[in-house]
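Grab a pencil and get ready to explore. Here are a few exercises, each with a solution worked out step by step.

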Amino acid sequence: SHAIEVLVPYFSIKLISSQLEERRGEKTIQEMKQFVARLPHMLATKKSLATHTTIAEMIKEVTDTDQFMDFLDCQQEMMLCVDTDKVQPYIEDCIAHKEPLVKVLRLICMQSATNSGLKPKVLDYYKREIVQAYGFHHLLTLINLEKAGLLKVQERQRVYPVVRKLLRLTVEDGSEVAPTDVSYVHSVYAPLSARLAQHLARAGGWRGLADVLPLLPGPSFEETQTIPGQPTRRGSIDSKHSTASDT
């Protein structure tokens, strides 16, 4: 229903119908010409409305299911740092029902990211359950995820909760009818990359993130480019932390 409600301000059924009904009234030749000129656009809008309404109804059929809501709730709780240091009951259920392994691994990696790693007993439990449910050969998959840093043992410093607070990575009271924050797209969560881009576009650039950048993985680099006749532009690339000027 939410998806359909969002469409209403953009595609008004009554407005389109009233425009099409204009042809029934008494009109001058000039008015009829104007109506005929607008007719292709009105018919295209009517077709677009039908298409988008059908898509919204198909999406609603999925999002109204208990399976989808449980999946979404699990992810949102992780983003909000709720019990991320424990074995997640939803992940246990997914493994027990042999849900697609990719779905299970994504959730475990998400828990690892939001908790700065998993406690050894939690990580070992997940590994054991996955091997038993999906096969011993997936032990190599888990090893590769650890090598990539997506799965790891918990570190002392809890980075995500700090970054989440400083950059407002979660917004729980966003408007659904007239959203103004990117968190609306991802249901509560605002992607880190989007928040960094927003800060970069501000006057201070990376300087406003002096407390945050050291917490993020990988080095940072700020470059100032001066282009004749153009305002100064700041950009960011992966390199050692420094400042350079390129004319």
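The exercises below walk through a predicted model, from its overall layout to its core, a loop residue and a pocket.

**Exercise 1. Work out the overall layout: how many helices and strands does the protein have, and in what pattern do they follow along the sequence?**

Step 1. Count the elements: you should get ten helices and three strands.
Step 2. Read along the sequence, and the pattern comes out as α-α-α-α-α-α-α-α-α-α-β-β-β.
Step 3. Now look at burial: 29% of the 247 residues count as buried.
Step 4. Finish with the contacts between residues at least 6 apart in sequence: 53% of these join residues at least 24 apart.

**Exercise 2. Find the largest nonpolar core and say which of its residues touch the most other members.**

Step 1. The core has 22 residues, and the ones touching the most other members are Ile-91, Val-104, Ile-108, Ile-130 and Leu-151.
Step 2. Check which helices feed this core: helix 4 (66–79), helix 5 (89–96), helix 6 (101–114), helix 7 (120–134) and helix 8 (139–147) each give at least two residues.
Step 3. Zoom in on Ile-91. Skip its neighbours within four places in sequence, and Ile-91 is in contact with Met-78, Val-104, Leu-107, Ile-108, Gln-111 and Tyr-126.
Step 4. Don't stop there: another core, of 13 residues, lies apart from the one around Ile-91, and its members include Val-159, Leu-196, Trp-206 and Val-212.

**Exercise 3. Decide whether Thr-84 is buried or exposed.**

Step 1. Locate Thr-84 first: it sits in the loop between helix 4 and helix 5.
Step 2. Its relative accessibility is 2%, and buried means under 20%, so Thr-84 counts as buried.
Step 3. See what Thr-84 touches, leaving out residues up to four places away in sequence: Met-78, Gln-111, Thr-114, Asn-115, Leu-118 and Arg-158.

**Exercise 4. Describe the second largest pocket: what is its volume, and which residues line it closest to its centre?**

Step 1. Start with the volume, which is about 590 Å³.
Step 2. The lining has 21 residues, and Ser-112, Ala-113, Thr-114, Tyr-160 and Pro-217 are the closest to the centre of the pocket.
Step 3. Ask which helix gives the most to this lining: helix 6 does, with six residues. Helix 6 and helix 9 (159–167) each supply at least two.
Step 4. Sort the lining by class: 14 residues are nonpolar, four polar and three charged.
Step 5. Last, check the domains: domain 2 (66–148) and domain 3 (159–215) each bring at least three residues to the lining.

Key. Residues numbered from 1 in each chain as written. Predicted model: local features only at pLDDT ≥ 70, side-chain atom pairs only at ≥ 80, totals over all residues. Heavy atoms only, no water. Core = buried A, V, L, I, M, F, W, Y, C linked by side-chain atoms within 4.5 Å. Buried < 20%, exposed > 50% of the residue type's maximum accessible area, 1.4 Å probe, protein only. Helix = DSSP H or I, 4+ residues; strand = E, 2+ residues; numbered from the N terminus. Contact = heavy atoms within 4.5 Å. 1 Å grid on protein atoms, 1.4 Å probe; cavity = no way out; pocket = protein on both sides within 12 Å on 5 of 7 lines; lining within 4 Å. Points joined across faces, edges and corners; volume = space filled by probe spheres on them. Nonpolar A, V, L, I, M, F, W, Y, C, P; charged D, E, K, R; others polar. Domains from an automatic or database assignment.
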